[in-house]
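Hi everyone, and thanks for making time this morning. Let me put the structure up, and then I'll walk you through the parts I find fun.

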Amino acid sequence: MNENITSESAQVTVYYDNSCPMCREEISALKSMDTANRLRLVDCSTEGFTDPDTARAGLTRSELMQALHVRDDDGQWHSAVDAFVVMYEAVGFDAAVSLLKRKSARSAFERVYPVFVRHRHKLRFTGAHKLMPWLIRRAARKQAQRAAACSTLNR
């Protein structure tokens with residue numbers, strides 16, 4: 001996957017750690033769901049990373065590397081679990097959005113996320129980096145099947 005994938009029609013800019021296998025795999029899987037090309041992906045992991053939008057927001061590379069950050073189409077910044085909600089909404093990953101909007105699940109994710117981020121590079125040895133992409137690609141297939149079924153019904 002390219003380090004930076006951009007599009008004129010992008011509405012959501014995702015700042016992610018491309019050096020992390022888990023992060024890279026999840027972002028790649030989400031991009032495969034992005035049929036409307038709504039995601040603009042920016043790898044913030046490289047030394048010396050600079051970006052005018054993050055600089056204007058006062059975000060450092062270190063802060064970007066400590067949590068996923070997303071800038072939505074209104075220019076609002078979201079980080080950690082909030083960033084995932086915005087990103088998943090942009091690609092239509094409705095199952096994940098509804099899960100993260102449930103109070104109990106969200107609370108659990110908010111507690112676990114900082115621990116996950118601190119240990120994300122070590123977790124690749126568990127094979128965990130394959131789980132979320134598999135779930136995302138499975139959801140994408142189901143979503144495509146539903147869309148095809150609706151299209152067939154509307155003929």
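First, a word I'll use a lot: buried means under 20% relative accessible area, exposed means over 50%, and partly exposed is in between, using a 1.4 Å probe and protein chains only. By that rule C44 is buried, with a relative accessible area of 0%.

A quick note on what you're looking at. This is a predicted model, where local features need pLDDT of at least 70 and side-chain atom pairs count only at pLDDT 80 or more, while totals for chains, interfaces and linings use all residues. Residues are numbered from 1 along each chain as its sequence is written, and side-chain values use heavy atoms, with hydrogens and water left out.

Let's stay with the cysteines. How many disulfides does the structure hold? Zero, where a disulfide is a pair of cysteine sulfur atoms within 2.5 Å. C23 is in no disulfide, and its nearest cysteine sulfur, that of C20, is 3.0 Å away. For C44, the closest cysteine sulfur is in C23, at 9.0 Å, which is too far for a bond. C23 is buried too, with a relative accessible area of 18%.

C23 sits among the buried residues of α1, along with P21, M22, E26, I27, A29, L30, K31 and M33. When I say helix or strand, I mean DSSP runs numbered from the N terminus: H or I of at least four residues for helices, E of at least two for strands. Does α1 have the span you'd expect, or what do we find? The expected span is 1.5 Å times one less than the number of residues. For the 13 residues of α1 that gives 18 Å, and its end C-alpha atoms are 19 Å apart, which agrees.Now the strands on either side of that helix. β2 and β3 pair in the parallel sense over five bridges; two strands pair if DSSP finds at least two bridges between them. Within that pair, T13 stands opposite R40 in β3. The chain crosses from β2 through α1 to β3, and this β-α-β crossover is right-handed. Right-handed here means that, with the strands pointing away from the viewer, the path from the first strand over the helix to the second runs clockwise. Four of the five residues of β3 are buried, so β3 is largely enclosed by the rest of the structure.

On to the inside. A nonpolar core is a set of buried Ala, Val, Leu, Ile, Met, Phe, Trp, Tyr and Cys residues joined through side-chain atoms within 4.5 Å. Which members of the largest core touch the most other members? Out of its 31 residues, they are V14, L30, L39, L68, M87, Y88 and F93. Several elements supply at least two residues each, including β2, α1 and β3. The largest share, ten residues, comes from α4. Apart from this core lies another, of seven residues, with V42, C44, F49 and L59 among them.

Two last residues for you to click on. N37 is found in the loop between α1 and β3, and its phi is near 55°, a positive value in a residue other than glycine. A80, in helix α4, also has a positive phi, of about 55°, although A80 is not a glycine. Thanks for listening, and please jump in.
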